[in-house]
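The following exercises concern the overall form and the backbone of one protein. Please study the sequence and the structure before reading the solutions.

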Amino acid sequence: MERVTGPDETRFAHEALLYRGERGFAAQVAAFVREGLDAGEPVAVALTARHADALRDELGADAARVRFPDAADLGRNPARLVPWWRDWVAGNSGGGRCRGVGEPVGGGNGAAWDRACRVHEHMTNAAFEAGPGWRLLCPHDLGLHSPAMIEAVARSHPRICGLPLPPGAGGFDPRGALTAFEEPLPELGKPLFETAFSLPDLPRLRGAVRDHVPALGLRGGQVADFVLVADELAGNSVQHGGGDGRMALWVAEGRAVCEVSDKGLIIDPLAGRRRPDLREHGPGAGLWSANQICELLLIRSAPNEGTTVRGYFDVR
């Protein structure tokens with residue numbers, strides 16, 4: 001059944017617009033945007049380039065009153081969206097309401113991208129559960145989503161509009177942000193390289209990663225970025241994950257992958273999405289740095305099982 005209860009004006013309202021195909025997409029989103037403009041609310045729209053162009057055409061002159069962030073600035077990694085919205089809301093709420101429209105701006109598919117998007121939806125709730133009150137509409141094309149992604153949309157959005165959810169979809173889960181990291185990561189098969197490490201091994205590990213870069217298909221500036229992310233993740237494990245860990249490298253779904261696992265547990269659901277205080281040296285700082293560089297960063301952290309972090313780089 002379609003869930004259409006109205007948003008609480010004093011709280012964050014995370015809403016999903018379900019649609020199928022492009023027909024009617026721009027008109028439905030434009031109605032949401034114009035409602036905010038008519039109420040004097042600041043409005044920002046973070047959409048894929050194709051959808052942003054369609055919405056501008058639909059809005060006409062009203063498009064000039066809407067903030068359209070550059071998709072290239074937000075990047076391909078869905079984990080960068082939460083920090084952008086936090087900064088935008090902080091600068092535009094000003095004691096009043098504001099609203100936005102958002103979807104992951106990069107193009108992508110496959111199990112890794114799907115999981116990154118599912119986690120992003122839950123983390124958006126965690127980022128704004130304490131306020132301020134504003135509305136975020138997330139368009140989702142049912143024709144493009146896997147069953148797992150549709151289930152994640154149902155569980156991460158208190159309000160659903162547009163098309164009804166498919167039969168059997170679950171209900172909103174207010175604890176989703178606490179358990180999203182426990183979902184297993186996609187299987188990648190046998191790694192190209194794998195090794196255990198501790199603090200004395202970090203210099204050797206950097207050299208080993210660099211030696212395997214040609215087999216991973218990375219070129220130019222990607223080489224230094226990949227080695228930097230591998231070093232950040234390994235250093236994070238040594239400092240915050242019990243003093244040692246394991247690293248593995250793959251090529252999967254057209255991406256070079258670096259994975260680091262350890263015995264630690266991440267208890268902050270916004271780790272890597274919360275802008276770090278440079279005076280502190282918590283695990284979130286290394287994850288934040290990796291999120292600014294990687295195309296995707298997947299995290300699995302579960303009690304009694306430890307933490308695994310994977311950085312993905314598109315092979316160009």
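**Exercise 1: Exposure at a positive phi**

Determine whether Glu253 is buried, partly exposed or exposed.

Solution. The model is a predicted one. The relative accessibility of Glu253 is 43%. Buried means under 20% and exposed means over 50%, with partly exposed in between. Glu253 therefore counts as partly exposed. Its place is in the loop between β7 (244-252) and β8 (255-262). Phi of Glu253 is near 55°, a positive value in a residue other than glycine. Most residues other than glycine have a negative phi.

**Exercise 2: A second positive phi**

Find where Asn304 lies, and decide whether Asn304 is buried or exposed.

Solution. Asn304 belongs to the loop between β9 (296-302) and β10 (306-314). Its relative accessible area is 86%, and the cut-off for exposed is over 50%; Asn304 is therefore exposed. Phi of Asn304 is near 70°, again positive in a residue other than glycine.

**Exercise 3: An unusual peptide bond**

State which form the peptide bond from Gly131 to Pro132 takes.

Solution. Omega of this bond is near 0°, and the bond is cis. Most peptide bonds are trans. Pro132 is placed in the loop between α5 (111-128) and β4 (135-141).

**Exercise 4: The overall form**

Decide how the radius of gyration of the protein relates to that of a compact globule.

Solution. For 316 residues, a compact globule would have a radius of gyration near 20 Å. The protein has 20 Å, so the two agree. Its C-alpha trace spans about 60 × 40 × 35 Å along the principal axes. The protein has 10 helices and 10 strands, and 54% of its residues are buried.

Notes: Residues are numbered from 1 along each chain as its sequence is written. This is a predicted model: local features need pLDDT of at least 70, side-chain atom pairs count only at pLDDT 80 or more; totals for chains, interfaces and linings use all residues. Side-chain values use heavy atoms; hydrogens and water are left out. Helices (H or I, at least four residues) and strands (E, at least two) are DSSP runs, numbered from the N terminus. Buried means under 20% relative accessible area, exposed over 50%, partly exposed in between (1.4 Å probe, protein chains only). The radius of gyration is taken over C-alpha atoms; the globule rule is 2.2 Å times the number of residues to the power 0.38.
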